[in-house]
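Colleague: Please take a close look at the core of this model. Tell me what builds it, and then set a few residues outside it against that picture.

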Amino acid sequence: MQQGGLRLREGKTDEAVALFDKAAEADKDPAIADAARLKSALALMDTAPYAVIETRLKPLLDEKRPYRIAAREALAMAKLKAGKFAEARRDLDLLTLVQD
């Protein structure tokens, strides 16, 4: 994941995403793997179509996933960018009710 972060700082998004994805698959710790998955999706937020972001983030929304709140916020931002304002509002409203 560290290498992915370095590539991202250098503006090499595709390389960063590939490294984050590789880290997510390689790590046995679900918290580390999900952190890598989240970083991968966030790296793509400005360039990938909404469907790609949604596909990457939806698995992270499960109640037992450690980054579900960050994933829901990221998905809401992707929805806003895609013009899905009502859906984004629902997601953001849900975030106001979270007591984690």
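Modeller: Confidence comes before the core. Among the elements of the protein, helix α4 (residues 50-57) has the highest mean pLDDT, 98. The lowest, 95, belongs to α6. Here pLDDT is the predictor's confidence in each residue, from 0 to 100. Helices are DSSP runs of H or I, at least four residues long, numbered from the N terminus. The protein as a whole averages 96, and 99% of the residues score at least 70.

This is a predicted model: local features need pLDDT of at least 70, side-chain atom pairs count only at 80 or more, and totals for chains, interfaces and linings use all residues. Residues are numbered from 1 along each chain as its sequence is written, and side-chain values use heavy atoms, with hydrogens and water left out.

Now the core. The largest nonpolar core holds 18 residues (buried Ala, Val, Leu, Ile, Met, Phe, Trp, Tyr and Cys joined through side-chain atoms within 4.5 Å). Inside this core, Ile53, Leu57 and Ala71 have the most contacts. Four elements give two or more residues to the core: α2 (13-26), α3 (30-44), α4 and α5. In soluble globular proteins, nonpolar side chains tend to be buried together.

Look at Ala71 next. Beyond its neighbours within four places in sequence, Ala71 is in contact (heavy atoms within 4.5 Å) with four leucines: Leu38, Leu57, Leu60 and Leu61. One of these partners, Leu57, is also named among the core residues with the most contacts.

Ala31 gives a second view of α3. This alanine sits in helix α3, an element that gives two or more residues to the core. Yet Ala31 counts as partly exposed, because its relative accessibility is 27% (buried is under 20%, exposed over 50%, partly exposed in between; 1.4 Å probe, protein chains only). Ala31 touches Pro66 and Tyr67, leaving out residues up to four places away in sequence. Glu54 is 23 residues from Ala31 along the chain, and their C-alpha atoms are separated by 20 Å.

Arg9 completes the picture. Arg9 lies in helix α1 (residues 2-9). Its relative accessibility is 72%, so Arg9 counts as exposed. From Arg9 to Arg65 there are 56 residues along the chain, and 27 Å separates the two C-alpha atoms.
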